[in-house]
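Here are some questions and answers on why certain terms apply to this structure.

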Amino acid sequence: MLVKMKIVEFVLLINAAICTAAYVDLNVTSIDGSSLHQAGVGQPFLITVTIDSPTNSEPSIEGLERFQLMGKSKRMSTINGRTTISYSYQVFGNAVGNFTIGPASIEVSGSTKQSNNRVIRVAQQEKSERPQQTEEKELAKLQLSVDKSHVVVGEKIRCTLQFAGISDKVQLEQIANPHFDAIIDEQSGPVTHNEQRNGKLYTIAEWTFDIRPNKPGKLVLPACSADVAIQKEVNDHLSAFSIFFKYRNELRKIYSNAATIEVTELPVSKNAIQTIGTFDYLHASLKPAVAKEGEGMVLTLALKGDVPLNAVETPQLQNMPPALKWYESKHYLQEPEGAKEHKTLNFEYVVQGLQQGTWEIPAQQFTYFDVKCRSVKTLRSSPITVAIEPNGILSTASHSSHAEAKSNDKEPQEELSSIITEGNWQATKPAIIPWPLFFILALAPLLWALWRALQLYALHYAPYFKQRNAFNYARKQIIKTSQTGASDQLRAIFFQAIAVRLNMSPSLLSQEIIERKLSDVGMDSKKINAFDSFLTMLHEFSFYKRQAQGNESLFDQANRWLDELERVL
Amino acid sequence: MKKIIVLVITMFVLCAHANQEEFFLQGNKYYSEKAFECALDSYQKIEQKGPAVLFNMGNCYFGIGDEQQAIAHWLQADNQGPWNIHKKVDQNCTIAFKKLGKEYEASALHSIYNSFVRTLCIFPLLWWQLLFLCVWIFSIIAIVNATFNRQWGLIIFYLFFVCSITICFVIRYKSTSCTYVLVIGKDATVRTGPADNYGIIATANCLDTMSIVGRHENWLKVHNKVCTGWICAKDVAIIDSKL
């Protein structure tokens, strides 16, 4: 009996020990509750810590910091006097790898209890533990897209979340608010329309979010979820009500893909970067441009560009002359005239002239990171001349500066001639005749004209030259005849030379005429007789074919007589 | 093998050409979006800038408020460009000069001369060369014949005719081959030598034009009505049709 009592006591003790010992469990599941071992980057999942003992302290989970926390919840339930507390953490991974989650530590009744741990693999591509049926995927789809994959800190990113469901089979019940770890500038949607895809009519709903990352690194936009009601056909043929209730709605949760964006630091710049975006111009205007001392004028800096109003802080006026006091007034957004034009941000300042004179509000600079060129740019406004008059009537001189300031107010772009959009964009060498060839072609007619002129000259002055060179020509003839020994030609050579020199025809020339001419020019009679004898001798040579004895002396004589004749004639 | 090399070179040249045109079209797009600095970046990438690119760059500079550079680019475009660009350049330069408080065309005579030159520029230089050669050859033949026949009136007429064409031809040639500098620096100084330590002869006003006499490294020897001296190249824009 005693033994039996001891056994019962032991069992009760064991039971009591089991009942009083706290149990801590850590579990990793997908959002819909199924077990999870692998998740994609950005795919949200749940880490649940269950404690079957009442406690007010929150568990600390090792390795939780390596995940991006989206939200957490606590649930308490009591069944048969036994209280269970569950802490759920909705997280997603933003880096690829194997991660150990846990153990979770919690203080229960003064002692620290530890849970088990779990290993989860975060992969680039999402892998569903419970794969969605292809048919279901076709029925409804949620897609998250971004317009940029590499940005700098503060740069605008447009995210689009698109739901597409077959019009007559799927109904969108609810869409969860996306969790973006960035500044959300603007949010719009849903914009709905119908679209034909693969012969099926889909209802499309789109939400757009303009976000700006506020820190460098990898920005992971987690998958978004939506609850959809899918119409399914009831296959219960035996049911009497199946005729009336042929279809039933099944509630399903669908997920989009996640998106990853590389965020880099802004480049280092000489001037402080005031914002990020695309800007067209910075324009400064002052109204009125002429004021009395102490009067206020409104200086407006108009910044035209594609950027939200809250992304630009009011720029401070730079290098203002000490004679002008200024303070910020207001800023407002001006809607563009055309649909494609950018908005204009107007910053107004009140400028007060403290000292009379003509002052210049220097060119204002606005430095920004241009998202199109991916570089730092600086916009400059034009300087403005301002005339501060003493408290009295404005002088005429100030009107000119007023006019000048007014001219600055004009939008110069309107008057400029538009750019050239086609042709002549690349420098081409103009086609020309090569200059050496050109000069040769230009010189050719000149040479022809010169040749013609020479011909004309020769035509006019040929007898003179002939007469002048008659004896030279005869000498050359004599040299030739001396070489051939044709002494019978000497007489003809002499007659020819004398006839040309006397401008007569050789046929009219006789020995008597030659004697008379020589006598007329004053030649000695002895010489005339000697020459006459010489001519007679030549005559004999030419008609009687005498072989000359000592031809050399004959040719010498001929040359001497030629010299003599040239001298006197 | 030779055919392959030729083909590769041809393909390379065609691709390079296409890329260059892409920069031009991209620049135009940026300009239409009023992203002037982006447009400038695109235009700068074009290696051999034609008159259209230079003109558009001028508009971009004007858009970002650099009127001096705008004028320099427009004038460069005008110097290289076909006759139809002149009107656009005139229009833009007038606005830019006005904005800088200056007059674009100094005198009526200058304006008339410019109009005359631009009329001559309607026809390309090749046409003028051919016209000059035809007139020259014809006139010389005619003058020689008239000289033989002692037709002095005709000779004078032909001489006048050939001289007129020659003058027009020379002016047309000069208009395409002139090189000068436009002062774009605010406090540009003309010095006695090509360095900062030389004495200052004169201060050049912004948008003054000067002819180039010589060059030494970063300095240009320039000449205008007032003086001859050296000016730093960064203070001027060289307007040259041969660039």
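Q: What makes E15(A) and strand E16 of chain A a pair?
A: In this predicted model, 12 bridges join E15(A) to strand E16 (residues 200-212) of chain A, and the two run antiparallel. Pairing requires at least two bridges, so the term applies. One of the contacts in question has Thr192(A) with Ala205(A) in E16(A) as its bridge partner.

Q: Why do strands E11 and E15 of chain A stand at the edges?
A: The open sheet has four strands in the order E11-E13-E16-E15 (chain A), with antiparallel pairing. Strand E11 (140-146) and strand E15 (183-197) each have a single partner strand, so one side of each is left without a neighbour in the sheet. From one strand to the next, the twist averages 15 degrees.

Q: Which strands stand at the edges of the sheet with the order E24-E25-E23-E21-E27-E28 (chain A)?
A: This open sheet has six strands and mixed pairing. Strand E24 (324-334) and strand E28 (375-380) of chain A have a single partner strand each, so one side of each lacks a neighbour in the sheet. Here the twist averages 20 degrees from one strand to the next.

Q: Why is Leu450(A) called exposed?
A: Its relative accessible area is 52%. Exposed means over 50%, so Leu450(A) qualifies. Leu450(A) is found in helix H4 (residues 435-468) of chain A. On the surface, Leu450(A) forms a nonpolar patch with Leu443(A), Leu446(A), Leu447(A), Trp451(A) and Leu454(A), with about 620 Å² of accessible area together.

Definitions and conventions
Residues are numbered from 1 along each chain as its sequence is written. Chains are lettered from A and ligands numbered from 1 in the order in which they are written. This is a predicted model: local features need pLDDT of at least 70, side-chain atom pairs count only at pLDDT 80 or more; totals for chains, interfaces and linings use all residues. Side-chain values use heavy atoms; hydrogens and water are left out. Patches are made of residues with over 30% relative accessible area and no salt bridge: like charges are joined within 9 Å, nonpolar side chains (Val, Leu, Ile, Met, Phe, Trp, Tyr) within 5 Å. Accessible areas come from the Shrake-Rupley method with a 1.4 Å probe; for residues, only the protein chains shown count as cover. A salt bridge is a side-chain nitrogen of Lys or Arg within 4 Å of a carboxyl oxygen of Asp or Glu. Buried means under 20% relative accessible area, exposed over 50%, partly exposed in between (1.4 Å probe, protein chains only). Axes are lines fitted to C-alpha atoms, for helices over the stretch in contact, and angles run from 0 to 180 degrees between N-to-C directions.
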